[in-house]
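Let's take a walk through a model with the sequence and the 3D view side by side. We'll go from strands to helices, and then to the place where the chains meet.

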Amino acid sequence: MPELSVIEAVRETMRSEMRRDSSIILMGEDVGHRGGVFLASDGFVDEFGEDRVIDTPLAESSICGVALGAAVNGMRPIAEIQFADFVWPAINQLVGEAARVRYGTNGVKTAPMTVRVPYGGGVRGGLYHSQSIEVLFAHTPGLSVVAPATPYDARGLLTTALRSNDPVIVLEHKRTYRLAKGEVPEEEYSIPIGRAEVKREGSDISLVTYGLMLHYSLQAAEMAVGQGIDVEVVDLRTLRPIDAKTIIESVSKTGKALIVQEDTPAISVSSEVAAIIGENCFFDLDGPITRLGPPEIPPMPFSPVQEAAFMPSPEKIFDAIVRLAAI
Amino acid sequence: MAYEIVLPHVGESVTEAVISKWLKSPGDSIEKYEPLVEVITDKVNMDVPAPESGVLGEILVNEGDTVAMGAVIARMETGDSVQANSDPKPISSRIGTLVQGANVGPTGGEFTDTSLATVPTSATEVAAPKSETGSRNYSPVVTRLAAKHGIDLSTVTGSGLGGRVTKKDVLAAVESGGHTELAPVSEEDQVIEPTPIRKMIAEHMVRSVSEIPHAWSAIEVDVTGLVQWRDKNRSEFEALNGVKLTYFPIMLHVVASSLRQNPKLNSSWQDGKIVSKGQINVGVAVASASGLVVPVVNQADKADLSGITRKFTDLVSKARNNKLDVTDVQDGTFTLNNTGALGSVWGGAIINHPQAAILTTEAIVKRPVVISGPTGDSIAVRSMMNMCLSFDHRIIDGVEASEFLQSVKNGIESITADSDLK
């Protein structure tokens with residue numbers, strides 16, 4: 001079984017799916033001859049041609065709007081947003097339109113489109129190349145939002161997204177692109193949307209997280225072993241719909257919940273997870289539902305010192321684990 | 001302007017304080033930094049100074065109350081220049097009102113909203129959460145598990161922050177039957193998990209000893225006549241009734257009638273009152289395979305000897321075969337325990353809570369006894385038995401205990417070979 005990075009898993013998935021299904025087209029800024037800024041589509045234009053691998057103007061509204069039009073008319077477009085920070089001009093096309101096609105046409109039309117969105121910080125990207133933008137999409141009924149953190153999950157969820165008949169936002173954490181490596185089967189497989197996964201079993205605390213923070217949380221969980229604390233790590237993988245069942249099962253077992261995310265906590269994924277736990281696990285709780293996230297400031301800072309201060313780290317997560325375990 | 005005085009934070013780990021003494025009364029004028037209230041924390045005792053100059057208004061917490069740091073403890077009026085420490089309540093004109101039936105459709109006229117809810121205007125005060133120490137902060141899972149397993153949380157040692165009882169502590173208590181930690185044992189020792197019935201007996205005994213102030217009395221009974229009566233009537237009785245005749249039912253018969261004459265022995269201390277029981281239901285302690293059980297001979301004073309014997313024999317047989325049901329063991333008002341069957345000659349039994357007393361019949365032994373008669377003293381070999389009484393000293397004093405014992409003694413000693421016991 002080959003070991004791939006996340007970006008390699010994304011590339012191989014797109015390549016094999018485009019070979020399988022000629023209705024899949026890829027469009028975005030520099031996705032063609034440049035192969036994408038992260039080289040996700042390196043060599044694609046040579047194999048699939050300029051009709052299927054389309055370099056677009058710097059206009060996300062157009063990328064997503066054209067993709068939506070193509071999707072409604074029988075294609076299966078992949079819209080690549082170069083950086084999540086630039087997705088805002090396409091909000092109307094995605095939240096206002098794509099999410100409502102099936103509902104608005106009473107199921108006559110659907111929008112089978114995949115929007116790949118590299119997001120997240122810890123990459124010295126500063127104000128315009130580091131944002132976490134998941135909340136707005138995860139809030140929107142009609143969209144599915146996945147956030148795979150491992151190469152295996154990236155391949156499985158992107159495969160599902162490309163075969164879905166409804167719009168899926170695929171959040172790819174930039175720092176995991178080349179940081180996270182893992183085995184990915186060569187044979188075809190898919191992972192259902194809406195299924196979290198217990199990445200590490202434990203009995204003392206349920207740590208619910210996603211994205212880059214999964215890797216940091218797993219490191220922190222190993223550090224906690226030395227303190228005699230057994231942490232269960234739940235990887236959400238899908239942010240809409242959130243897999244409440246897996247969360248409830250885990251927290252009901254451990255009695256304590258720590259939710260870790262890179263996005264600012266107020267009105268966020270962690271808010272929703274906390275609500276799910278509060279509504280469903282009250283009589284099993286043995287400590288306050290606890291959240292760890294960055295401070296509530298507008299952007300990811302550019303200064304390395306401030307960026308490190310902003311980002312949750314394995315050490316900060318470890319501290320939160322120890323504090324919650326002691327309660 | 002109105003100003004809320006809060007209990008200031010005094011240190012990182014201090015989360016609450018007890019209001020010791022208010023140094024000012026409502027209406028007093030106070031100067032900024034003037035001592036206002038004395039508080040006691042687990043670290044320090046201190047005076048809290050007035051945060052501003054002005055007039056003290058309402059005091060919100062009483063002396064002796066425990067208050068969380070940051071909580072509002074009083075109100076005061078200050079000069080207008082002082083900025084309030086809480087946001088002013090927005091005035092309703094700034095909030096605006098929502099108009100029932102306004103046109104809110106996408107084009108400004110098609111959709112009439114009639115969904116606005118009517119909000120009651122009388123706002124109810126939300127009580128501030130009571131500040132408690134960690135040891136009394138029971139989480140939902142802790143209270144649920146404690147209720148499910150019948151764990152008294154006050155007996156569980158907390159391992160959490162501030163001595164909080166955690167889920168793990170409760171589960172450990174459930175495992176060990178209510179006790180959190182086992183003292184270390186040596187390798188040669190064996191730790192035995194008590195059976196459920198053993199645990200119940202243990203609980204019952206602890207309850208009795210910790211609630212009931214026990215006192216003891218004993219009496220010596222000459223049972224020679226009883227022994228002779230049994231020897232003479234045994235085969236006829238057993239042929240007639242089909243059950244074995246032992247001494248115990250005869251004594252039970254006597255005890256039941258003595259209880260009728262001494263009702264205090266047949267009572268119960270309940271919630272500060274003495275409940276004198278109408279029925280005389282005598283429990284008899286029986287060692288069964290699964291442990292000590294106490295089936296009850298109901299209305300023992302109403303039955304004749306053959307009735308009591310049959311009932312007693314039936315209960316013992318049920319007990320030995322684990323066939324007792326709930327109705328066989330409930331409603332006892334007094335307990336008789338034949339420890340003599342085990343060779344015991346003296347004992348201090350534990351009362352069967354919530355009864356008032358327990359009586360033991362000890363071993364019958366032949367002893368040389370001085371008999372006083374009209375022709376002077378002589379020594380005779382007699383069958384002798386001790387009876388030991390443990391009684392609830394809240395209900396019964398020594399006098400009543402002795403009267404009861406004397407009554408039993410007289411009842412038994414009046415039996416002769418020729419008595420007509422039914």
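Strand β2 (residues 24-28) of chain A runs parallel to strand β4 (residues 76-80) of chain A, and five bridges join the two. If you want one pair to click on, try Met27(A), whose bridge partner in β4(A) is Ala79(A). Keep in mind throughout that this is a predicted model.

Zoom out a little and these strands turn out to be part of an open sheet of seven strands in chain A. The order across it is β3-β2-β4-β5-β7-β6-β12, and the pairing is mixed. Which strands stand at the edges? They are β3 (53-55) and β12 (238-240) of chain A; each has a single partner strand, so one side of each has no neighbour in the sheet. On average, neighbouring strands here are turned by 20 degrees against each other, ignoring direction.

Now look for helix α1 (residues 6-20) of chain A, which lies across β2, β4 and β7 (168-173) of that chain. Relative to β2(A), the helix runs at about 135 degrees.

Over to chain B. Its secondary structure comes to nine helices and 19 strands. Of its 422 residues, 26% count as buried. As for contacts in chain B between residues at least 6 apart in sequence, 62% of them join residues at least 24 apart.

One helix of chain B deserves a longer stop. In α2(B), Val141(B), Val142(B) and Leu145(B) are buried. They sit on the same side of α2(B), because the arc they cover around the axis is only 100 degrees. The general background is handy here: an α-helix has 3.6 residues a turn, so residues three or four places apart point the same way. What do the buried residues of α2(B) pack against? Their partner is α3 (167-175) of chain B. Right after α2(B) comes Gly150(B), with a positive phi near 65 degrees.

That helix also shows up where the chains touch. The contact takes nine residues from chain A and 10 residues from chain B. Helix α2 (residues 140-149) gives the largest share of chain B's side, four residues. By character, the residues on chain B's side divide like this:

| Type, chain B side | Count |
|---|---|
| Nonpolar | four residues |
| Polar | three residues |
| Charged | three residues |

So much for the tour: α2(B) is worth a second look, with buried residues packing against α3(B) and four residues on the side that touches chain A.

Conventions. Residues numbered from 1 in each chain as written. Chains lettered and ligands numbered in written order. Predicted model: local features only at pLDDT ≥ 70, side-chain atom pairs only at ≥ 80, totals over all residues. Contact = placed C-beta atoms within 7 Å. Nonpolar A, V, L, I, M, F, W, Y, C, P; charged D, E, K, R; others polar. Pairing = 2+ DSSP bridges. Axes fitted to C-alpha atoms, helices over the stretch in contact; angles between N-to-C directions. Buried ≥ 20, exposed ≤ 12 C-beta atoms within 10 Å, placed from the backbone. Arc of directions from axis to C-beta.
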